[in-house]
Amino acid sequence: MTTARSESRSPASGTSGFIQVRGLTKRFGSFTAVDDLDFDVEPGRVTGFLGPNGSGKTTTLRMLLGLVRPTVGTGTIDGHRYADIPNPLTVVGSALEATNFHPGRTGRDHLRVQAAVAGVSDQRVDELLELVGIPAAARKRAGGYSMGMRQRLGLAAALLGDPRVIILDEPANGLDPEGIRWLRGFLRHLADEGRTLLISSHMLSEVEQTVDDVVIIANGKRVAQGTVDELRGEPTAFVRTSDPERLVAALDGRGIPVHPKDGGLRVTVDDLALVGDIAHASDVSIHELRSEQTHLEELYFNLTETGENRNRNLASGQGDDLGHGRGEGPSSSLPPPVGSPIDPALLNAPDPEEDRR
């Protein structure tokens, strides 16, 4: 499989790729899908955008890409709305869903249509098919693609204009373990080139291995933002000992916070050897000593499953970002726009070359 480093290019100059969301709000009738949302996404970093189904993630991304008009607030790239960016596909690349393909068109021809819109050569199309690992599928009709192949084709489409900003919605869906590992390295490489990556995902264990920063929302509101390490909090250790009281006194004497936990002690420290040395000096036997770390999944559920942050869609059994269900959300006459920010007529137009193949 071709690696990202062999084919990718440096992002276009003239933009930094800084994303800023301020007071972003979207209401559908009486239903508030996104509520006064603020966050930043910095260049050169992978930012995970997390939240339960129905939390407003996809609606937020659609507003950022000009597919949904905000009720209040702004979402900008380098201070500009998406609609105000000349030839935006050369600045912002996006893949919001892996189904927006003409089923009768080949993967290569799908990209050629979008390349024509962005003023990109067909050579770039072939480079990207190789880069995302599906050159053999280039002549196969997209209607026969697996979900994983569709994800890779969508990623290729997002990169057509060599954008500095890349916005992806659930890019790991449908990928096998090898594909997920490839995606992780690919996204890391793009960020190392100085690009800005905003990645929506529900695969928390995978996100934790990929992202630098995290934005967590629930019921349309931001509940946390920061680096993964910042959100995890201070490092701790768990220790079980023959004489907890003596060890507590010894640790207190060294100014190390310690609290009882699950028949042992929770020590706020990142150096296990220090705990062992203090125990040895105090003539206390250690039965168990291990590092403890708050994983992103634990943090996520702690933030989104309590109080007002509890998923409002659980009661209705619905899971889309617009809260369709019993008694809430917009009516069926107000569906959100779908697809990438390209004229749908171009994507669905008949392809005369296809008939000659």
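## What surrounds helix H8

In this predicted model, the cover over the buried residues of helix H8 includes strand E10 (236-241), strand E11 (258-261), strand E12 (264-267), helix H9 (272-281) and strand E13 (286-292). The buried residues themselves, within a helix that spans residues 244-253, are Leu247, Ala250 and Leu251. Because these residues cover an arc of only 95 degrees around the axis, they lie on the same side of H8.

The face of H8 that is turned away from this buried side carries the exposed residues Glu245, Ala249 and Gly253. After the helix comes Gly255, a residue whose phi is positive, near 75 degrees.

## Aromatic pairs

A pair of aromatic rings is described by the distance of the centres and the angle of the planes. The structure holds two aromatic pairs. In one of them, the ring centres of Phe39 and Phe49 are 5.3 Å apart and the planes stand at 35 degrees, so this pair is tilted. Phe39 belongs to strand E2 (residues 31-41) and Phe49 to strand E3 (residues 46-50), so that the pair, with its members 10 residues apart, links distant parts of the chain. Phe39 counts as buried because its relative accessibility is 1%, where the cut-off is under 20%, and Phe49, with a relative accessible area of 0%, is buried as well.

The rings of Trp182 and Phe186 have their centres 5.0 Å apart, and since their planes are at 15 degrees, where stacking requires under 30 degrees, the pair is stacked. Both residues lie in helix H5 (residues 177-192), where they are four residues apart, or about one turn of the helix. Trp182 and Phe186 are both buried.

## Charges over rings

Trp182, a member of the stacked pair, also has a charged partner: the charged end of Arg152 sits over the ring of Trp182, at 4.4 Å from its centre. A further arrangement of this kind involves Lys26, whose charged end sits over the ring of Phe28, 5.1 Å from the centre of that ring.

## The chain as a whole

The protein chain contains 12 helices and 13 strands, and of its 357 residues, 50% count as buried. Among the contacts between residues at least 6 apart in sequence, 73% join residues that are at least 24 apart. The accessible surface of the chain comes to about 16600 Å², and 48% of this surface belongs to carbon and sulfur atoms.

Terms used: Residues numbered from 1 in each chain as written. Predicted model: local features only at pLDDT ≥ 70, side-chain atom pairs only at ≥ 80, totals over all residues. Heavy atoms only, no water. Phe/Tyr/Trp six-rings, centres within 6.5 Å; stacked < 30°, edge-to-face > 60°. Helix = DSSP H or I, 4+ residues; strand = E, 2+ residues; numbered from the N terminus. Buried < 20%, exposed > 50% of the residue type's maximum accessible area, 1.4 Å probe, protein only. Lys NZ or Arg CZ within 6 Å of the ring centre and 35° of its normal. Arc of directions from axis to C-beta. Contact = heavy atoms within 4.5 Å. Areas by Shrake-Rupley, 256 points an atom, 1.4 Å probe, with all protein chains shown as cover.
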